[in-house]
Amino acid sequence: MGFPDRLEGARVTVVGLARSGVAAARLAAREGARVTVTDRRPAAELGPQREALRGLPVREALGGHDLADFEGADLVVVSPGVPLSIPPIAAARRAGVPVVGEVELAFRLLGGVPVVGITGTNGKSTTTALTAALFAEDRPTFAGGNLGQPLSELLLDGPRAEVAVVELSSFQLEGIEAFRPTVAAITNVTPDHLDRYASVDEYAAAKGRLFLNQGEGDFAVANARDDRALELARASRAALHTFGFGPPEPRAARCAGGAATELVVTPASGPAETYALRNRALRGSHNRENAMAAVLCARLLGVPPAAVQRGLDAFPGLPHRLELVRERGGVEWVNDSKGTNVDSTWVGLSAFEAGRPSVVLIMGGHGKGAPYAPLRALFPGRVKALLTIGEDAPAIERELSCLAPIEPCGTLDRAVARAAALAGPGDAVLLSPACSSYDQFQSYEHRGAVFRRLVEELP
């Protein structure tokens, strides 16, 4: 059994009622499918999600999964947070039922809108948002996917876009079949989500699915200094282009650094183009690489150079990524809640110059199985104190001991109160957890919003 030719009348089971699942259920119902939504959480915990589906012909199966809803379906659509290894999904596959993700469902109904798909361990959200900002200077643009707005919502709510710029996590890419981005870009691949994947190679293979269906006329874009990213992109049947500080690929367009505040695009043929990078929201070498990737994606699909420069200058940056929340008594309070893995926290902490220990660092949450020890090199001359929160606090303390005073705080409110007592003029308090948020918060956005509120409430 393959993907249904038509959804009208098809039995569609949507697994997981987070935002993607709700959007998938709404889209399938709009197409005339007979939709069942199932979630292990009871109805009492799903009030907003159920409200979003009110009035639609959607059947609820909450508080657990019934195998009949999987084995008897014509299509199963899985939310990104639901592992494809759970027994009901395995049973559906044994019964010959196609199992896809929300992104795949939306792509099947897009009707030819070109897609720019962006993945990677770190930098993909900034790169996605910036790429969309560059396109938006030239044409109606949708930005979403893992960035926040499910691709299905483009078809449900938004005005018709001429291009969709979509951030894609490894979880989302596990659920694709025919999904084919016109431009597929990968920022980097470093250890992450090792609580879900057996190895870095398995995690990288999920990322590499971004290039699975590309062909002639498409573009694969990869970080030239990241060997894993390059290897995955080279497997694409699309034309390969590179960005960053690594060596150039032959016969390919490329974006690299010029002077300290310049980016240079070298097309496969034709003269080089130079863009100024003067926006404070894009400071730091990591953001310079993000900007290179975004500029290359935009130029490959014909965004004019003047529009690219306007977008670079106007980009406001992302919430929860090195976001200055407040200056209080000479202390900067910085929200980097999107630092959900060790490499992302490395980027956040390295944005502060070494010299004297001036950073009160808040770390912790639900660990992902990667070691914290790589951060040790950044502590001397930077970290004044380390405050730990969440369930992985003991592992953080073990691996980062003897580098700075460490205090277990347990919860974010206690950590903020303690940081306020420790930090003095010229210091910074940095929330960069190196962990996911799911032990104490609904998402990294929720964690960052709570941090922002706690900081703003300080006297």
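1. By residue class, the lining of the largest cavity comprises six nonpolar, four polar and two charged residues. This note concerns a predicted model. The space in this largest cavity is about 90 Å³. Its lining is formed by Val78, Ser79, Pro80, Val82, Leu84, Gly101, Glu102, Val103, Phe171, Gln172, Gly175 and Arg196. Helix H5 (102–108) and helix H8 are the elements that give two or more residues to that lining.

2. Two cavities of 30 Å³ or more are counted. The second largest cavity holds about 40 Å³ of space. Asp192, Asn341, Val342, Gly367, Lys368, Gly369, Ala370, Tyr372 and Ala434 line this second largest cavity. Its lining divides into four nonpolar, three polar and two charged residues.

3. Phenylalanine 171 deserves separate mention, as a lining residue of the largest cavity and as a member of an aromatic pair. Four aromatic pairs are present in the structure. In the pair of phenylalanine 171 and tyrosine 197, the ring centres are 6.1 Å apart and the planes stand at 40 degrees, so the pair is tilted. Phenylalanine 171 belongs to helix H8 (residues 170–174), whereas tyrosine 197 lies in the loop between strand S9 (183–186) and helix H9 (200–208); the pair therefore ties together parts that are 26 residues apart in sequence. Phenylalanine 171 and tyrosine 197 are both buried.

4. The surroundings of phenylalanine 171 extend further. Ring pairs join Phe171, Tyr197 and Tyr203 into a cluster. In addition, the charged end of arginine 196 sits over the ring of phenylalanine 171, at 3.7 Å from its centre. Arginine 196 is also among the residues lining the largest cavity.

5. A further aromatic pair is formed by tryptophan 333 and phenylalanine 451, which is tilted, with 6.4 Å from centre to centre and 45 degrees between the planes. Tryptophan 333 is located in strand S16 (residues 331–335) and phenylalanine 451 in helix H16 (residues 444–456), so this pair ties together parts that are 118 residues apart in sequence. Tryptophan 333 and phenylalanine 451 are both buried.

6. Side chains of opposite charge can pair when their charged atoms come close. The structure contains 25 salt bridges. One of them joins glutamate 8 and arginine 6, at 2.4 Å from N to O. Glutamate 8 and arginine 6 are both exposed.

7. Another salt bridge is made by the side chains of aspartate 69 and arginine 59, at 2.9 Å from N to O. This pair links distant parts of the chain, with aspartate 69 in helix H3 (residues 67–71) and arginine 59 in strand S3 (residues 58–62), ten residues apart. Which of the two classes, buried or partly exposed, applies to each partner? Aspartate 69 counts as buried because its relative accessibility is 10%, while arginine 59, at 42%, counts as partly exposed.

8. In the salt bridge between arginine 139 and aspartate 138, the closest N and O atoms are 3.0 Å apart. Arginine 139 has 18% relative accessibility and therefore counts as buried. Aspartate 138, at 34% relative accessibility, counts as partly exposed.

9. Arginine 108 takes part in two of the arrangements described here. A network of salt bridges links Glu104, Arg108 and Glu177. The charged end of arginine 108 also sits over the ring of phenylalanine 3, at 4.1 Å from its centre.

Definitions and conventions:
Residues are numbered from 1 along each chain as its sequence is written. This is a predicted model: local features need pLDDT of at least 70, side-chain atom pairs count only at pLDDT 80 or more; totals for chains, interfaces and linings use all residues. Side-chain values use heavy atoms; hydrogens and water are left out. Rings of Phe, Tyr and Trp (its six-membered ring) pair if their centres lie within 6.5 Å; planes under 30 degrees apart count as stacked, over 60 as edge-to-face and the rest as tilted. Helices (H or I, at least four residues) and strands (E, at least two) are DSSP runs, numbered from the N terminus. Buried means under 20% relative accessible area, exposed over 50%, partly exposed in between (1.4 Å probe, protein chains only). A charge sits over a ring if NZ of Lys or CZ of Arg is within 6 Å of the ring centre and within 35 degrees of the ring normal. On a 1 Å grid over the protein atoms alone, a cavity is a set of points where a 1.4 Å probe fits but cannot get out, and a pocket is an open set with protein on both sides within 12 Å along at least five of seven lines; lining residues have an atom within 4 Å of a point. Grid points are joined across faces, edges and corners, and a volume is the space filled by probe spheres set on the points. Ala, Val, Leu, Ile, Met, Phe, Trp, Tyr, Cys and Pro count as nonpolar, Asp, Glu, Lys and Arg as charged, and the others, Gly among them, as polar. A salt bridge is a side-chain nitrogen of Lys or Arg within 4 Å of a carboxyl oxygen of Asp or Glu.
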